[in-house]
Amino acid sequence: MDVQTNSVGRQDFSVNRDIFPAEIETKNNISLLEFGQSEKQLINEIIYNDGCLVLKGFKTDVQNFQSFIDAACGGSLVYTERSSPRHAVEGKVYTSTDYPKALPIFPHNEQSYNLGFAMKLAFYSQVVAESGGETPVCNTRKVLTRIDTALRNRLIKEGYLYVRNLCSKEFRGGIGLPWQDVYQTDDLDVVKEYCRKNDIQIEETKNGGIKTIQRRNVIAKHPVTGDHTWFNHLTFFNFRTLPAPMIANLKRFFDIADYPNNTYFADGSELSEDEVTHLQSAYQAEVVARPWGEEEVLIIDNMVTSHARNAFKGDRKVLVTMSESSTWEQCMPDTDQYLNEGF
Ligand SMILES: [Fe+2]
């Protein structure tokens, strides 16, 4: 899609789209909410075209940030079918993750394994880490082009399986979230009904746990721009993407079929170590880790920009809210055309 930046004639902010992520900066202490209300069109044009946008120098707080998202980015969403430990700070604004600070988090497009997902994510940096703690971003339209053709085409044709083994909160195994946290209910019948509606196979396992299996596509078509993008959790949830000490622990205590999270080819066969390493390197080649400044906001188009988190030292507080829901049904790729002609 070719959209021109709207030159609004204002002198109180500047736009830089020669960098990734693009930036809008003000030195005039403008309220973020007021900017979102008056420049909604410009903000969205940049997000859709460039994939992500940093807003610097604006005056904001948690309430102002959420109201800004409501005004400029379609309204904040509740976090469902959870995979990351986080807690609500206020309203629909959450800690970006409570995951241990010594461990990095690999790039991913939020909720791509759900039938419904957020189109935009917004991060708000309140406290900058002593070192590290960036939220690296990467263009998954470009990741798609980096993947070996034979592997990519197999995955595009067949999709992949995401398999979870979730413990019950009464019998926590020490790794992974209990199903009660993931689905935000203590009622297993509610979980079964959710799974039925969301194309997830579910079976009960020992000690009150459950196993879920969902087949999902690896590419999606952006409903606004029409771009095809590598949009999946295949690499992120594959056990080989975990930090080495966690892999060693898994191997020591679990059979592979019982790992809390893992991904497979659609026929249930394992990806080889080489294949997972290749997929990881396709992301790593595109990752940009911009250091956070205090009171900065980063908005990403979740379908075409993956996000990650670098390990850090010291205190760090980055809040997140998600907005604009979409569904796989609205983003189905032109698979046959893609396989025959490419894009
Ligand atoms: Fe995330």
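Visitor: How many bridges join strand β11 (residues 160–166) to β13?
Guide: This is a predicted model, where local features need pLDDT of at least 70, side-chain atom pairs count only at pLDDT 80 or more, and totals for chains, interfaces and linings use all residues. Residues are numbered from 1 along each chain as its sequence is written. Strands are DSSP runs (E, at least two residues; helices are H or I, at least four), numbered from the N terminus, and two of them pair if DSSP finds at least two bridges between them. β11 and β13 run antiparallel, and leucine 161 stands opposite arginine 215 in β13, while the bridge count for the two strands is seven.

Visitor: And β12, which residue in its turn with β13 has a positive phi?
Guide: β12 (residues 201–204) also pairs with β13 in the antiparallel sense, over four bridges, with isoleucine 202 bridged to threonine 212. The two strands make a hairpin with five residues between them. The turn residue with a positive phi, about 55 degrees, is asparagine 207.

Visitor: Which residues make up the covered face of β13?
Guide: In a regular strand the side chains alternate between the two faces of the sheet. In β13 (residues 210–216), Lys211, Ile213 and Arg215 sit on the uncovered face. That leaves the covered one to Ile210, Thr212, Gln214 and Arg216.

Visitor: Over to the open sheet of three strands: which strands stand at its edges?
Guide: The order is β7-β18-β10, with antiparallel pairing. Two of the strands have a single partner each, so one side of each is left without a neighbour in the sheet. Those edge strands are β7 (105–108) and β10 (137–139).

Visitor: Which residue in β18 stands opposite isoleucine 105?
Guide: β7 and β18 (residues 305–309) pair in the antiparallel sense over two bridges. Opposite isoleucine 105, in β18, stands arginine 309.

Visitor: Is glutamate 23 buried or exposed?
Guide: Glutamate 23 is in strand β2 (residues 22–25) and touches Asn16, Val54 and Lys56, leaving aside residues up to four places away in sequence; contact here takes C-beta atoms, placed from the backbone, within 7 Å. A residue is buried if 20 or more other C-beta atoms lie within 10 Å of its own, exposed if 12 or fewer, and partly exposed in between. Glutamate 23 has 22 such neighbours, so the verdict is buried.

Visitor: What about leucine 155, which residues does it touch?
Guide: Leucine 155 is found in helix α5 (residues 149–158), and because 22 other C-beta atoms lie within 10 Å, leucine 155 is buried. Leaving out residues up to four places away in sequence, the ones touched are Tyr160 and Val218.

Visitor: How many of the ten residues of helix α7 are buried?
Guide: α7 covers residues 188–197 and lies largely in the open. Aspartate 199, with a positive phi near 60 degrees, follows α7. The number of buried residues in α7 is one.

Visitor: How far apart are the C-alpha centres of domain 1 and domain 2?
Guide: Domain bounds come from an automatic or database domain assignment, which gives domain 1 as 14–130 + 290–327 and domain 2 as 142–282. The contact takes 14 residues from domain 1 and 23 residues from domain 2. Centre to centre, the spacing is 24 Å.

Visitor: Where is the pLDDT below 50?
Guide: pLDDT is the predictor's confidence in each residue, from 0 to 100. The protein averages 91, and 94% of the residues score at least 70. Where pLDDT is low, the predicted coordinates should not be read in detail. The stretch below 50 is residues 1–6.

Technical notes
Contact = placed C-beta atoms within 7 Å.
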